[in-house]
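Here's a quick briefing to read with the sequence and the model side by side. Have a look at the fold first, then work through the points below.

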Amino acid sequence: MRFFLKTLALVLLICSFIYSQEMPREQKLQKIDELNNQIKSLETDFLLPDATDLTRAKEEGFSVFRIMPRERFDGKFTIQGGGSYYSFTNKTH
């Protein structure tokens, strides 16, 4: 029984040492870039109008976009204004 407990303690010590090692800076930067790309993709999907609105606008020859309330979404997105502004010349938020 003592051998088992000593072995278990050693395994736990080794595991804690392995998991406590810090991620290298380059790997952290890569992870940050991956997460930023995921955020931008989710923001783009969130700001898109519903499929029914897009279909109806296309049928009538219009463009459609979604404007978000600034009071609620400003500072929550990476885009300035939180989707509450739209550029008609660039056709982007």
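## The big picture

Of this protein's 93 residues, 12% count as buried, where buried means under 20% relative accessible area, exposed means over 50%, and partly exposed is anything in between (1.4 Å probe, protein chains only). What you're looking at is a predicted model, so local features need a pLDDT of at least 70 and side-chain atom pairs count only at pLDDT 80 or more, while totals for chains, interfaces and linings use all residues. Residue numbers start from 1 along each chain as its sequence is written, and side-chain values use heavy atoms, with hydrogens and water left out.

**Overall build**

- The protein has four helices and zero strands; both are DSSP runs numbered from the N terminus, with helices being H or I over at least four residues and strands E over at least two.
- Read from the N terminus, the elements simply go α-α-α-α.
- About 8400 Å² of the protein is exposed, and carbon and sulfur atoms supply 59% of that area; accessible areas come from the Shrake-Rupley method with a 1.4 Å probe, and for residues only the protein chains shown count as cover.
- Take the contacts in the protein with a separation of 6 or more: residues 24 or more positions apart account for 27% of them. Contact here means heavy atoms within 4.5 Å.

**Helix 3**

- Helix 3 covers residues 51-60 and is hardly covered itself, since the count of buried residues among its 10 residues is one.
- Right after helix 3 comes Gly-61, which has a positive phi, near 80 degrees.
- Within helix 3, Arg-56 and Glu-60 form a salt bridge, with their closest N and O atoms 3.3 Å apart. The cut-off is a side-chain nitrogen of Lys or Arg within 4 Å of a carboxyl oxygen of Asp or Glu.
- Arg-56 and Glu-60 sit four residues apart in helix 3, or about one turn of the helix.
- Arg-56 counts as exposed at 57% relative accessibility, whereas Glu-60 is partly exposed at 47%.

**The other salt bridge, between two loops**

- By this rule, the count is two salt bridges.
- Arg-66 and Asp-50 also meet through their side chains in a salt bridge, at 3.2 Å from N to O. This pair links distant parts of the chain, 16 residues apart: Arg-66 is in the loop between helix 3 and helix 4 (70-73), and Asp-50 is in the loop between helix 2 (25-47) and helix 3.
- Both partners count as partly exposed: Arg-66 at 26% relative accessibility and Asp-50 at 43%.
- Asp-50 and Val-64 are 14 residues apart along the chain, and their C-alpha atoms are separated by 9.6 Å.

**Pro-49, in the loop between helix 2 and helix 3**

- Pro-49 lies in the loop between helix 2 and helix 3, and it is buried, with a relative accessible area of 11%.
- If you leave out residues up to four places away in sequence, Pro-49 touches Leu-54, Val-64, Phe-65 and Arg-66.
- The C-alpha atoms of Pro-49 and Arg-66 are separated by 5.5 Å, although these residues are 17 apart along the chain.

**Aromatics**

- Searching the whole structure turns up four aromatic pairs. Rings of Phe, Tyr and Trp (its six-membered ring) pair if their centres lie within 6.5 Å; planes under 30 degrees apart are stacked, over 60 edge-to-face, and the rest tilted.
- Phe-46 and Phe-73 form a tilted pair, 5.6 Å centre to centre with 55 degrees between the planes. Phe-46 lies in helix 2 and Phe-73 in helix 4, so the pair ties together parts that are 27 residues apart in sequence.
- Phe-46 is partly exposed, with a relative accessible area of 40%, while Phe-73 counts as buried at 10%.
- Phe-46, Phe-73 and Phe-77 make up one aromatic cluster.

**A buried charge**

- Glu-43 lies in helix 2.
- Glu-43 is buried yet has no salt bridge, and the nearest side chain of opposite charge, Lys-40, is 7.6 Å away. For charges, Lys and Arg count as positive and Asp and Glu as negative, with His and the chain ends not counted.
- Setting aside neighbours within four places in sequence, Glu-43 is in contact with Lys-76, Phe-77, Thr-78 and Ile-79.
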